[in-house]
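Biologist: I have a model open and would like to know what stands behind the words people use for it. Could you take me through the reasoning?

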2 protein chains.
Amino acid sequence: MKLQLQIKMNEALFIRNPEQSDLGKNIIQHSIQLIDKNGFEAFTFKKLAEDIGTTEAGIYRYFENKHKLLVYLTAWYWGWLEFQINYQTNNIKDPTVRLKRVIKLLASTVEDDELTGYVNEGLLHQIVISEGSKAYLTKQVGEDNKLQFFKPYKDLCAVVGNIILECSPKYKYPKSLASTIIEMAHFQNFFMNNLPSLTDFGKTKEETGIISFLNELVFSSIKKL
Amino acid sequence: MKLQLQIKMNEALFIRNPEQSDLGKNIIQHSIQLIDKNGFEAFTFKKLAEDIGTTEAGIYRYFENKHKLLVYLTAWYWGWLEFQINYQTNNIKDPTVRLKRVIKLLASTVEDDELTGYVNEGLLHQIVISEGSKAYLTKQVGEDNKLQFFKPYKDLCAVVGNIILECSPKYKYPKSLASTIIEMAHFQNFFMNNLPSLTDFGKTKEETGIISFLNELVFSSIKKL
DNA sequence: TTTTAAAAGATAGTAATACTGTCACAGATA
DNA sequence: TATCTGTGACAGTATTACTATCTTTTAAAA
């Protein structure tokens, strides 16, 4: 039997559900490739259409604009990652061990997940590192937030925040520490590879360094209470 | 006597030095206002030109494109902030006190600096919070870095990293901790005001909370060694 | 005081981007 | 057989991101 993993997406993010047609799946698959290759700024629906072999108008029938598509992709990633985290920390009782596991999952290179046919999680992970913040660093963040576009991200932060609280019920900043871990798992990776003097891992370029840093950051903050 | 503060800027960032003419100063002043008001995505040289009362071509004589202008503005900010930090921690011997002072400066609302005529530091601080990451989250980050565009940012990180090392010479991640403090001083502020559930300060919206969080994060990481 | 060169203004033009609209066709559904 | 849905094929518009040229103003050098 072949299992399939489906992430439930916010309907306001698209005009037509890309999961429900070949063209839709092509849009997701090729947009991930193109954004990863050329960056979000250089990415246009025209180029995407040419890449797929369809027309610009065809893409617009699925997504209103490229911002919504980026939000869709990042939201998908956070939803997928939360599933991964729940799955992989499922039967771990000790919250400390669970938190370490989460940090490792956040900061590790992602391998392609066989359960999701048309999404390349490895590339998507890279996109979330390099372009993910642009999904919310906009003037419309308030409206987008009202439409629940960032729910998957906020849910993931809440999950991590709750594990932190389990480890240390009296810790005062579980949410901020959670968002710090998540953002830094990505930013330290970007810095390590692009602006290495901003990190202590520029020489080795090993993500194990990032994991150690985050572990020390988190556990020295919460342990002593 | 009226003092004037000049930040030495990288010449590769502009075509003509905006500090050396009225039009140039107008470009800086009005671009800060416009980007703060409408966001970087909606900001165009045409709108800027109309705002100033000049023409598009006039702006292009100073800056190659809006990306360079954004990098210029953020670089200016980091240069100015490093000066502020050096100035305001000048005669503090205890590195712990100095580090606390730095964290406060990083996370506090900026008031307009009288020494810099045409730059509104308060607005510029907001721009750095909302748009600053876009200066380096691009495909050209490598080339831009080679041209030293991010030197002021990296210098500031180095300054903070060195204070961390002074506090705790054996701490293993001074650079990563420094970049984490700087990024989080801004991200927690953005989250607090726009995606409050990602922080523990969404109710009060007080930056004193962010300062306490960062202090605890930093000093629990480095103290125990 | 005249000469000259640089900066700024005025205007035009181009290629690409970010869309919207319409018509026609193919395949599935009723 | 009629019809509805998704897609392809075009056409078209406003805005963006520039580049080029020519003229006027300004400011310093001869």
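Biologist: Happy to start with the two copies: what makes you say that they meet through the same surface?

Modeller: This is a predicted model, so please read every value as computed. Of the interface residues of chain B, 100% are also interface residues in chain A, so the copies meet through the same surface. The contact takes 42 residues from chain B and 42 residues from chain A, counting C-beta atoms within 7 Å.

Biologist: Which helix gives the most to the side of chain B that touches chain A?

Modeller: That is H9(B), with eleven residues. Helices H6, H7, H8 and H10 of chain B also each supply at least two. By class, this side of chain B has 15 nonpolar, 16 polar and eleven charged residues.

Biologist: Why is the relation between chain B and chain A called that of a two-fold axis?

Modeller: Chain B can be laid on chain A by a turn of 180 degrees, with a shift of 0.0 Å along the axis and an RMSD of 0.0 Å. That is the relation of a two-fold axis. In chain B, Ser220(B) has the C-alpha nearest the axis, at 2.8 Å.

Biologist: Why is H9(A) described as largely enclosed by the rest of the structure?

Modeller: A residue is buried if 20 or more other C-beta atoms lie within 10 Å of its own. In H9(A), 18 of the 21 residues are buried, so this helix is largely enclosed by the rest of the structure.

Biologist: How do you know that the span of H9(A) is close to the one expected?

Modeller: Helix H9 of chain A covers residues 174–194 and reaches 30 Å from its first C-alpha to its last, against an expected 30 Å at 1.5 Å a residue. H9(A) does bend, by about 30 degrees at Met184(A).

Biologist: On to the DNA: what makes a residue count as near strand D, and which are the closest?

Modeller: The C-beta atom has to lie within 6 Å of the strand. On that basis 14 residues surround DNA strand D, and the closest are Ser21(A), Leu23(A), Thr54(A), Ala57(B) and Asn65(B). H3(B) gives the most to this surface, with three residues.

Biologist: And which residues come nearest to DNA strand C?

Modeller: Of the 14 around strand C, the nearest are Thr44(A), Ala57(A), Asn65(A), Ser21(B) and Thr54(B). Here H3(A) gives the most, with three residues. By class, the surface near strand C has four nonpolar, six polar and four charged residues.

Definitions and conventions: Residues are numbered from 1 along each chain as its sequence is written. Chains are lettered from A and ligands numbered from 1 in the order in which they are written. This is a predicted model: local features need pLDDT of at least 70, side-chain atom pairs count only at pLDDT 80 or more; totals for chains, interfaces and linings use all residues. Helices (H or I, at least four residues) and strands (E, at least two) are DSSP runs, numbered from the N terminus. Ala, Val, Leu, Ile, Met, Phe, Trp, Tyr, Cys and Pro count as nonpolar, Asp, Glu, Lys and Arg as charged, and the others, Gly among them, as polar. The expected span of a helix is 1.5 Å times one less than its number of residues. The bend at a residue is the angle between axes fitted to the seven residues ending there and the seven starting there. A residue is buried if 20 or more other C-beta atoms lie within 10 Å of its own, exposed if 12 or fewer, and partly exposed in between; C-beta atoms are placed from the backbone. Copies are superposed by least squares on the C-alpha atoms of residues with pLDDT of at least 70 in both.
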